[in-house]
Amino acid sequence: MSNPLRIGVAGLGTVGTALVNLLDNKRAELIERCGRETVVTAVTARSQRTNRDCDISNAQWFDNPVDLATSDNIDVYVELMGGDEGVAADSVRAALNAGKHVVTANKALLAKHGVEFAKLAEENGTLLNFEAAVAGGIPIIKTMRESLTSNNVIRVYGIMNGTCNYMLTRMEEEGLSFEDCLQQAQELGYAEADPTFDVGGHDTMHKLALLTSLAFGTEIAVDEIYLEGITKITPEDIEAAKDLGYSIKLLGVTQKTDTGIEQRVHPTMVPLAAPIAQIGGVTNAVVVEADVVGELMMTGPGAGGDATASAVAGDIADIAKSRPGHQHVPSLGKPAVSLTPYVKSRMRTHRGGYFIRLNLNDKAGSFAAIASRMAEQDISLESIVQRREANSQNSDSQPVIMITHDTTEEAISAALKAINSDGHLKGDPQMIRIEKLGFDI
Ligand code: HSE
C-alpha cells in the first residue's frame with residue numbers, strides 16, 4: 001500500500017470538526033477506496049484551548065496557518081478558515097508554492113484569487129480542489145469541471161444560499177416578515193450573527209463567480225456580477241407572487257447572451273410548478289442547461305458540517321487516488337493560462353418579464369398615467385391587478401400589481417423612473433425579475 005496521505009487542517013469550526021470525525025469514522029472505507037490511508041497529521045485553529053468534539057490528540061498543533069501550510073509533515077493543506085485575504089490567502093499561496101495539494105471550501109477566497117491559485121497549482125503540479133465551496137454537499141464542481149467537458153453550457157442557475165431559501169420559504173408558508181424570519185434563522189443557527197453576506201446575496205455571488213468560470217471557460221469575474229439581496233422582499237410581494245402562480249427565490253444566474261456573459265444574483269420569480277420552486281428550507285439546487293446533455297438539476301444540502309465535510313473528503317480522496325507524475329485535472333476545468341477574458345453582458349440589456357408592485361395615489365388618472373408610461377417604453381403588460389387590501393379600506397392609496405411580457409431592464413428602469421417622477425406613487429415601486437425556465441420557454 002502507498003504511504004498515507006498526510007493532511008493538515010486549518011480551521012476547526014463546524015466543518016473542520018466534522019471533517020476530522022469523518023476521516024476517523026470512515027477510515028476503513030477510505031483506505032479500501034483510495035488504496036491508502038488519509039491521516040490528519042497537523043491542525044491549526046484560533047485557539048488550542050477550545051474544547052472540540054473531535055480527536056486531534058495525534059495531530060501536530062500549529063499556531064500559524066502559513067507554517068502548517070508549508071510543513072514537511074503534510075501533503076495536503078485543507079483551508080477551512082474563511083476570509084478572502086489575510087491568513088487564508090497567504091497560507092493557500094504558501095502551500096501551493098511549497099508543492100502541497102490544497103482543498104478549500106472558501107468561495108470568497110477563490111472568487112478573488114481563484115485564477116492565480118489555479119495557475120500556481122498547475123505550475124507546481126499539485127491539485128487545488130474546492131467542491132465544498134459551492135452548494136455544500138452537492139457535487140456540482142466536479143460535474144461541471146469533468147463530466148460536462150463535451151457540452152457547451154447555455155445557462156446555469158440555482159439556489160445556492162440555504163439561509164435565504166429558508167427565510168423565503170418561511171415567509172411564503174407562514175406570512176412572516178423578513179425581520180421575524182431572520183431572527184428565527186439566527187436562533188436556529190442557520191444565519192450568521194452578521195447575516196449580511198447571506199441576505200445581501202454576497203455568498204451566492206461568490207459561488208456564482210466560480211460556476212461561471214467552469215461553465216464558460218472564462219476568468220473569474222466576481223466584480224462584474226449584478227447583485228441584489230433579499231432584504232427588500234415583503235410578505236406582500238410573496239403573497240402577490242403566489243396569487244399569480246409564482247414563488248420568489250434568491251437565484252444566482254449565469255448565461256450566454258449575444259453580447260457576452262450575464263451574471264446576476266437577485267430575488268427571482270419562478271413559476272410555482274417549476275422544479276426549482278419546490279426547493280424549500282435550507283436545501284440548495286443547481287440547474288445546468290447544456291447543448292448535449294440538456295437540463296440537469298442537482299439538489300441537496302448546501303451547508304452544515306457533515307454535508308460540507310462530505311465534499312471536502314471527496315476532494316481529499318481524489319488527491320489520495322491521484323498518481324504522482326501524472327497530469328491532474330485543471331482546477332477550473334481547463335488549463336488556467338487558457339481561460340478566456342470575461343466579456344460582460346450589461347444588465348440593462350437583460351431581457352425577461354417583470355413583476356411590479358406600486359402603491360398608487362387613489363386619484364383619477366393615476367392608473368392611466370402608469371399605463372401610458374409603460375406604453376412609452378414599448379412594454380406590454382401580461383396582467384395588471386388593482387386591489388384594495390382588507391385592512392386598507394380608508395387608505396388613500398391602492399396597491400397595483402403588474403406582470404410584463406418580455407422586455408429589457410433598460411425599458412423597465414426608464415418606465416419606473418418616469419412613473420416615480422410623475423408623483424402618482426406612495427413609496428418606492430417594487431420590481432422583481434421573472435425567470436423564464438426550461439420547462440416554460
Ligand atoms: N451560509 C451559507 C448558506 C453556507 O446559508 O447557505 C455557506 O456558504
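Q: What makes the pairing of Asn161 with an oxygen atom of the ligand a polar contact?
A: A polar side-chain atom of Asn161 sits 3.5 Å from that ligand oxygen, and a polar contact is a pair of N or O atoms within 3.5 Å, so the pair counts. Bear in mind that this is a predicted model, where local features need pLDDT of at least 70, side-chain atom pairs count only at pLDDT 80 or more, and totals for chains, interfaces and linings use all residues. Residues are numbered from 1 along each chain as its sequence is written, and side-chain values use heavy atoms, with hydrogens and water left out.

Q: Which ligand distances do Thr163 and Asp203 show?
A: For Thr163, a polar side-chain atom is 2.6 Å from an oxygen atom of the ligand; for Asp203 the distance is 3.0 Å. The ligand taken alone exposes 260 Å², and the protein buries 84% of that (Shrake-Rupley, 1.4 Å probe).

Q: Which residues surround the ligand?
A: Lys107, Asn161, Gly162, Thr163, Asp198, Asp203, Lys207 and Ala303 do, each with a heavy atom within 4 Å of the ligand. They split into 1 nonpolar, 3 polar and 4 charged. Helices α7 (162–174) and α10 (202–216) each bring at least two residues to this shell.

Q: Why is Tyr190 called partly exposed?
A: Its relative accessibility is 36%, and partly exposed is what falls between buried (under 20%) and exposed (over 50%), so the label fits. Tyr190 is found in the loop between α8 (178–187) and α9 (196–199).

Q: What makes up the nonpolar surface patch that includes Tyr190?
A: Leu188, Tyr190 and Val282 form this patch of about 260 Å².

Definitions and conventions
A polar contact is a pair of N or O atoms within 3.5 Å; within protein, one must be able to donate a hydrogen and the other to accept it, and residues adjacent in sequence count only if both atoms are side-chain atoms. Helices (H or I, at least four residues) and strands (E, at least two) are DSSP runs, numbered from the N terminus. Ala, Val, Leu, Ile, Met, Phe, Trp, Tyr, Cys and Pro count as nonpolar, Asp, Glu, Lys and Arg as charged, and the others, Gly among them, as polar. Patches are made of residues with over 30% relative accessible area and no salt bridge: like charges are joined within 9 Å, nonpolar side chains (Val, Leu, Ile, Met, Phe, Trp, Tyr) within 5 Å. A salt bridge is a side-chain nitrogen of Lys or Arg within 4 Å of a carboxyl oxygen of Asp or Glu. Buried means under 20% relative accessible area, exposed over 50%, partly exposed in between (1.4 Å probe, protein chains only).
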